[in-house]
Amino acid sequence: MTLSDDLLDRLVLTTSSHSFLNWLEVKSRDTSPWVFPFGLSCCSLEHAAAFHTSVLISDNQSSPQRVRPEEADLMIFGGSVTTKLLPILSEIHGRLKEPKWVMSIGACAASGGLYAEGYSVLPGMSQHFPIDVYVPGCPPGPEQLVEGFSIIRQRMKKNISSWLLDQERAQL
Amino acid sequence: MKILDSLNKNFPTLDFKESSGLLHVNLDNIIVYDVVKLLKKDFGFIFLLDIFATDHLNDYSSGKCEKRFTVTYHLLHLEEHKRISVNVDLNEHETIQSFSELWLNSKWPEREIAEMFGINFENHQTSKLLTSDYIIGYPLRKDWVYQAKSHQDLVFKKPEFSWLPEIGDDERLCRQVIDLSPSHPAIQGTFVVRAEVLGNKVKRALVEIGLQHRGVEKISESKHYGQFIPYAERLNFSSPMMGAIAWAKTVEEAIEIEMTDRCQALRMIMMELSRVLDHSTSLAAMAQDLRAWDASVIFQRIRSHVSALFLSYTGSRLMGSSVRIGGMVHDLPIGWVTKCLDAIYLIQTELKEILSILNRAPSWLVFHGEGGMNAAQAIEWGFSGPCLRACGVNYDLRKNSPYYFYQDVEFEVPLGINGDPYDRYLVRVEEMQQSLKIVSQVLDHIPSGSVQTEDPRLAKTTGSLRLTSADYAKHFDLYQNGTKINAGSYYSFIESANGELGFYIRSDGSGIPYRTRVRAPSFFHFQSFCDSIQNVSLESATAILSSLNAISGEIDR
């Protein structure tokens with residue numbers, strides 16, 4: 001049997017490979033985001049525990065952890081950020097794939113926490129780069145992490161990111 | 001007393017004293033090096049526990065003391081289990097001789113003193129250890145006010161390898177520099193490791209610490225003794241209860257109160273469960289680094305069993321803050337003992353599974369034979385805990401200077417032979433089993449009674465049923481001014497999961513510490529890392545890094 005040209009046009013969509021892959025990436029981002037975990041201290045332990053035990057096991061399978069920030073949609077960092085660490089963290093944030101999503105775990109990453117009164121820990125990271133979701137707790141348990149993860153997925157589905165908003169604001 | 005007598009006989013001009021289990025001596029700056037050298041060579045104080053400094057600004061400006069700073073050396077006699085504290089008074093512009101020729105592990109503490117107090121050591125490195133150039137001045141001085149550059153100027157300088165003239169040009173071209181971090185996905189924390197490799201062998205390595213320096217020692221100088229407990233918990237965050245108990249024990253020994261029997265038993269249970277938690281965390285990281293995913297998941301499962309116990313006792317999986325000065329915050333909830341026994345059974349089953357998977361797995365063995373360390377080296381580096389015992393040194397504070405009920409329970413101290421990562425793994429796994437043994441013994445004989453002391457200095461009320469104005473005054477005083485400690489210096493320690501975790505407190509008689517020093521085991525373990533990965537393969541270097549269990553919260557404090 002031979003296909004008529006008419007039928008072929010209705011069945012086959014011609015596009016460039018680049019735009020097809022781009023479409024696929026946007027469509028599949030919220031169901032399987034690639035994660036770059038930047039564990040600093042206590043909170044990263046709970047993050048690892050949540051990812052290894054049954055609590056987040058479904059997330060673990062669909063969202064692989066990447067070692068290179070260039071491959072990751074989402075950076076998860078937890079723990080206190082000191083002035084010595086800030087240049088490294090900013091550099092890694094700059095290397096993330098665009099558009100960027102960032103999730104911060106714990107009180108120290110959000111506001112300096114217990115150590116904000118000291119001389120070394122920064123009182124929060126929001127003035128250095130945009131953050132999408134703050135997960136509260138010192139350290140937060142796995143349930144809070146699951147909640148934070150689901151919020152990030154909703155934002156990914158709607159293509160809302162604090163980084164994108166910042167870019168738009170900068171253009172205006 | 002034997003050592004004290006012989007010291008006094010041999011040094012007739014010096015005044016050795018003993019108070020609260022610690023020998024004290026004050027030395028002059030000129031003779032300190034020679035005396036400490038003799039203490040090491042002839043009197044058996046071969047273990048350098050710690051070096052730290054204190055700033056006596058108030059006494060100095062009011063004329064009570066002539067010199068502003070004191071540098072303190074803590075040495076340990078491994079056979080007699082005696083500690084000596086050697087104090088040297090210094091002024092601002094005096095220099096003191098470096099001990100780096102006597103002990104390898106004195107380099108980092110000396111650099112830290114130079115950075116924090118501005119005390120100069122002869123021929124020491126000038127670069128900062130914990131803070132970056134961003135902070136101006138010497139933070140731990142009493143008259144330091146926060147002074148820093150703006151955030152825009154911040155750059156991170158990676159450590160650079162020095163030029164080695166003896167390497168030929170051909171070899172220099174073949175050598176590569178690899179950054180092993182900071183984006184290392186291991187879960188233990190943050191530090192920068194750079195390795196210069198030839199083929200697969202590490203030739204040289206440099207580390208940069210201080211990325212998690214949170215300034216805990218400075219923060220403690222504005223907190224009551226009870227308020228410091230959350231900070232003590234977050235030092236070694238993989239076994240939080242240990243730090244809190246060590247801190248509480250130090251303060252309780254300083255104010256000389258006895259804990260109730262039930263509180264001591266409870267603290268023993270919590271400490272041993274924390275040891276299981278810590279070892280399983282470090283082994284999970286080790287398995288993850290070497291791509292033994294199954295084993296990693298099993299260790300994480302063990303961890304979750306213990307976390308569930310903490311959750312039901314303290315209300316939090318990790319940081320419960322349930323230790324108080326003078327006891328624990330509340331008694332065990334109903335049904336906790338049964339849960340704990342169930343968990344012990346489950347953990348033992350999981351451990352059996354692990355041992356059958358890992359002990360003879362070739363992929364596990366192949367990376368673990370390198371980087372061995374003998375006992376003399378380990379003592380020179382100031383190792384303690386499982387890393388020291390893996391080298392074959394039978395030193396466990398629970399046996400040698402027992403506290404709480406450790407002399408009444410039966411347990412064994414596992415020892416290794418070669419001091420390589422495989423031995424450390426075996427020692428850790430065996431220690432977990434011994435800890436479970438201790439927990440079940442304590443649960444069998446758990447004493448009844450209250451978990452908080454009824455000492456009037458710590459009680460919130462006077463004890464009568466009807467609250468009087470005296471009660472309110474007492475309550476107000478306790479919460480406003482804190483528990484007071486008599487002026488003096490105190491040191492106490494526990495065998496934490498990583499080794500000897502000690503707290504030094506200097507009090508001026510008020511409710512807040514004048515100076516706190518944390519003797520953190522990881523700080524001394526991690527110092528040896530650069531030397532111990534020379535001429536080993538990269539995979540083995542990863543194994544060594546994770547087997548040291550370097551916790552960044554403890555290294556940088």
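**Exercise 1.** At what angle do H9(B) and helix H16 (residues 421-444) of chain B pack, and how far apart are their axes? Then name the relative direction of the two helices.

*Solution.* The model is predicted.
- Step 1. Start with the geometry. The angle between H9(B) and H16(B) is about 155°, and the axes lie 9 Å apart.
- Step 2. Apply the cut-off. Angles over 145 degrees count as roughly antiparallel. H9(B) is therefore roughly antiparallel to H16(B).
- Step 3. Add the hand. H9(B) and H16(B) make a left-handed crossing.
- Step 4. List the contact. H9(B) contributes residues including B:Ala265, B:Met268, B:Ile269 and B:Glu272. From H16(B), the residues include B:Tyr425, B:Arg428, B:Glu431 and B:Met432.
- Step 5. Sort by class. The contact of H9(B) with H16(B) has 14 nonpolar, four polar and four charged residues.

**Exercise 2.** Describe how H9(B) packs against helix H10 (residues 293-314) of chain B.

*Solution.*
- Step 1. H9(B) spans residues 261-289. Its axis and that of H10(B) come within 8 Å and cross at roughly 155°.
- Step 2. H9(B) and H10(B) are therefore roughly antiparallel to each other.
- Step 3. The crossing of H9(B) and H10(B) is left-handed.
- Step 4. On H9(B), the contact residues include B:Leu273, B:Val276, B:Ser280 and B:Leu283. On H10(B), they include B:Phe299, B:Ile302, B:Arg303 and B:Val306.
- Step 5. By class, the contact of H9(B) with H10(B) counts eleven nonpolar, five polar and one charged residues.
- Step 6. Look back at H16(B). B:Leu273, B:Val276, B:Ser280 and B:Leu283 also take part in the contact of H9(B) with H16(B).

**Exercise 3.** Is B:Ile512 buried or partly exposed? Place the residue and find what it touches.

*Solution.*
- Step 1. Locate it. B:Ile512 sits in the loop that joins strand E14 (500-507) and strand E15 (515-519) of chain B.
- Step 2. Count neighbours. B:Ile512 has 19 other C-beta atoms within 10 Å. Buried requires 20 or more. B:Ile512 is therefore partly exposed.
- Step 3. Leave out residues up to four places away in sequence. B:Ile512 then touches B:Glu221, B:Ser222, B:Lys223, B:His224 and B:Gly482.
- Step 4. Check one partner. B:Gly482 is 30 residues from B:Ile512 along the chain, yet their C-alpha atoms are separated by 7.2 Å.

**Exercise 4.** Work out the build of the sheet with the order E8-E9-E10 in chain B.

*Solution.*
- Step 1. The sheet is open, with three strands and antiparallel pairing.
- Step 2. Find the edges. Strand E8 (176-179) and strand E10 (201-208) of chain B each pair on one side only.
- Step 3. The average twist from one strand to the next is 25°.
- Step 4. Zoom in on one pair. Four bridges join E8(B) to strand E9 (residues 192-198) of chain B, in the antiparallel sense. B:Val177 has B:Glu196 in E9(B) as its bridge partner.

**Exercise 5.** Which element of chain A gives the most to the side that touches chain B? Profile chain A on the way.

*Solution.*
- Step 1. Chain A holds eight helices and four strands. Their order from the N terminus is α-α-β-α-α-β-α-β-α-β-α-α.
- Step 2. Chain A has 172 residues, and 41% of them count as buried. Its C-alpha atoms fill a box of roughly 75 × 45 × 25 Å along the principal axes.
- Step 3. Turn to the interface. 35 residues of chain A contact 40 residues of chain B.
- Step 4. Strand E1 (35-39), helix H3 (42-52) and helix H5 (86-95) of chain A each supply at least two residues to this side. H3(A) gives the most, with seven residues.
- Step 5. By class, this side of chain A has 20 nonpolar, twelve polar and three charged residues.

Notes. Residues are numbered from 1 along each chain as its sequence is written. Chains are lettered from A and ligands numbered from 1 in the order in which they are written. This is a predicted model: local features need pLDDT of at least 70, side-chain atom pairs count only at pLDDT 80 or more; totals for chains, interfaces and linings use all residues. Axes are lines fitted to C-alpha atoms, for helices over the stretch in contact, and angles run from 0 to 180 degrees between N-to-C directions. Angles under 35 degrees count as roughly parallel, over 145 as roughly antiparallel, 65 to 115 as roughly perpendicular and the rest as oblique. A crossing is left-handed if the near helix is turned anticlockwise from the far one by less than a right angle, and right-handed if clockwise. Two residues are in contact if their C-beta atoms, placed from the backbone, lie within 7 Å. Ala, Val, Leu, Ile, Met, Phe, Trp, Tyr, Cys and Pro count as nonpolar, Asp, Glu, Lys and Arg as charged, and the others, Gly among them, as polar. A residue is buried if 20 or more other C-beta atoms lie within 10 Å of its own, exposed if 12 or fewer, and partly exposed in between; C-beta atoms are placed from the backbone. Two strands pair if DSSP finds at least two bridges between them.
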